[in-house]
Amino acid sequence: MAVRSLAYIRVETRDLAAWRSFAEGVVGAAATPDSNEERLLLRLDGRPWRFCIEKGGQDRYLCAGLECPDEAQWQATVDRLTEAGVALERADAATLAQRHVRGMVSLADPAGNRIELVWGNVVAGTPFVSPAGVPAFITGEMGFGHVVVPTNCYDETRRFYKELLGFGDSDEMRVFFPGGPEQGLGMSFMHATGPRHHTVAVGEFPAPSGLIHTMVEVPSIDDVGLALDRALAAGVHISSTLGRHTNDKMISFYMRTPSGFDIEFGCGGERTADWTAVTPTFTIKEDLWGHKWDFGT
């Protein structure tokens with residue numbers, strides 16, 4: 001009885017045109033027609049949208065849509081949250097229609113990160129065609145990728161995702177920065193019931209944009225390399241060079257979005273069919289190779 005995947009994210013921006021140029025020309029997402037001119041809906045697959053970019057007064061991440069596979073599992077999760085005293089706001093019909101879901105409650109984790117817990121797989125009914133020629137994004141029952149959110153209450157936030165939303169441990173690591181604490185800063189990678197190595201991760205450090213990063217996955221290293229070329233040609237800040245992670249084996253690079261957080265663009269992520277047969281790991285070396293960081297400004 002748990003979350004299965006990341007359905008979508010919502011983002012605020014002061015510049016919708018910059019987001020559209022970045023999303024279509026660099027990421028390869030496809031903008032979809034929308035009656036609201038103050039909003040940009042971006043497709044990665046057969047869903048109506050996976051990114052909702054909303055015009056506002058700030059550049060920031062707003063929330064993640066975490067999806068349960070059916071109404072029964074969604075309701076069981078809602079019941080657990082209610083019993084634990086978590087404040088929930090049930091969506092009205094207009095919000096459900098905009099999100100293209102059949103059920104939704106809004107809530108916050110202990111660090112204040114906003115979540116929309118949803119169920120109901122609505123399909124667009126038209127094929128996804130990338131304006132940048134990306135052949136496909138790896139989505140389906142795994143969702144569109146993952147999010148890494150900040151927390152100032154690391155242990156409490158981990159317990160929230162595991163005990164109330166049904167996530168399981170995939171990997172934990174300590175990240176060491178010059179001038180940082182001797183014990184390092186914690187990062188916990190947690191899987192949903194789907195096969196992705198992690199759908200949510202929490203990091204024990206601040207993120208002014210509200211999000212450390214989100215990830216999209218493509219079929220091949222060539223697709224990753226072509227995206228890197230597009231990003232460099234467009235003058236996008238490259239937050240990390242190409243590399244391969246130790247824990248989930250993803251080959252990826254990171255680039256800065258117009259709202260200040262990063263997108264990890266990768267391929268080859270590890271998948272697990274049976275989580276009961278997996279022992280969580282503790283990573284002491286973040287990358288097998290690459291991923292040289294430039295956090296910029």
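Trainee: Why are α1 and α5 described as oblique to each other?

Mentor: Set the angle against the cut-offs. In this predicted model, α1 and helix α5 (residues 221-233) pack at about 140°, with their axes 9 Å apart. Roughly perpendicular covers 65 to 115 degrees and roughly antiparallel needs over 145, so about 140° leaves the pair oblique.

Trainee: Which residues make that contact?

Mentor: From α1 come G25, V26 and V27, and from α5 come A227, R230 and A231.

Trainee: How many nonpolar, polar and charged residues does the contact of α1 with α5 have?

Mentor: There are four nonpolar, one polar and one charged. Gly counts as polar, so G25 is placed there, while Arg counts as charged, so R230 is placed there.

Trainee: Let's try another helix pair. At what angle do α2 and α4 pack?

Mentor: Helix α2 (residues 71-83) and helix α4 (residues 154-164) meet at about 135°, and their axes are 10 Å apart. That angle makes α2 oblique to α4. The value is above 115 but not over 145, so neither the roughly perpendicular nor the roughly antiparallel class applies.

Trainee: Which residues of α2 and α4 meet?

Mentor: T77, R80 and L81 in α2 meet F160, E163 and L164 in α4. By class, this contact has three nonpolar residues, one polar and two charged.

Trainee: On to the sheets. What is the strand order in the open sheet of eight strands?

Mentor: The order is β2-β3-β4-β1-β5-β8-β7-β6, with mixed pairing.

Trainee: What makes a strand an edge strand there?

Mentor: An edge strand pairs on one side only, and here that describes β2 (30-32) and β6 (89-90).

Trainee: How do you know that β7 and β8 pair?

Mentor: Count the bridges. Pairing takes at least two, and six join β7 (residues 103-108) to β8 (residues 114-119), so the two strands qualify. They run antiparallel, and S106 stands opposite E116 in β8.

Trainee: And which strands make up the other open sheet?

Mentor: Its ten strands follow the order β17-β10-β11-β12-β9-β13-β16-β15-β14-β18, again with mixed pairing. Its edge strands are β17 (281-283) and β18 (287-290), and the twist averages 20° from one strand to the next.

Trainee: How do you know that β15 and β16 pair?

Mentor: Six bridges join them, and at least two are needed, so they pair. Their direction is antiparallel. One of the residues to look at is Y254, whose bridge partner in β16 is E264.

Trainee: Where do the helices lie on these strands?

Mentor: α1 lies across β15 and β16, running at about 155° to β15. α4 packs on the sheet too, touching β9 (145-150), β10, β11 and β12 (200-203), and its direction makes about 0° with that of β11. Helix α1 (residues 16-27) also lies across β1 (5-13), β2, β3 (39-43) and β4 (51-55), at about 10° to β3.

Trainee: Last topic: how much space lies in the largest pocket?

Mentor: About 740 Å³. It is lined by 32 residues, with F205, I212, D262, W293 and F295 lying nearest its centre.

Trainee: What makes a residue count as part of that lining?

Mentor: A lining residue has an atom within 4 Å of a pocket point. The residues that qualify divide into 17 nonpolar, nine polar and six charged. β10 (168-175), β11 (185-191), β15 (251-256) and β16 (262-267) each supply at least two of them.

Methods. Residues numbered from 1 in each chain as written. Predicted model: local features only at pLDDT ≥ 70, side-chain atom pairs only at ≥ 80, totals over all residues. Heavy atoms only, no water. Axes fitted to C-alpha atoms, helices over the stretch in contact; angles between N-to-C directions. Helix = DSSP H or I, 4+ residues; strand = E, 2+ residues; numbered from the N terminus. Parallel < 35°, antiparallel > 145°, perpendicular 65-115°, else oblique. Contact = heavy atoms within 4.5 Å. 1 Å grid on protein atoms, 1.4 Å probe; cavity = no way out; pocket = protein on both sides within 12 Å on 5 of 7 lines; lining within 4 Å. Points joined across faces, edges and corners; volume = space filled by probe spheres on them.
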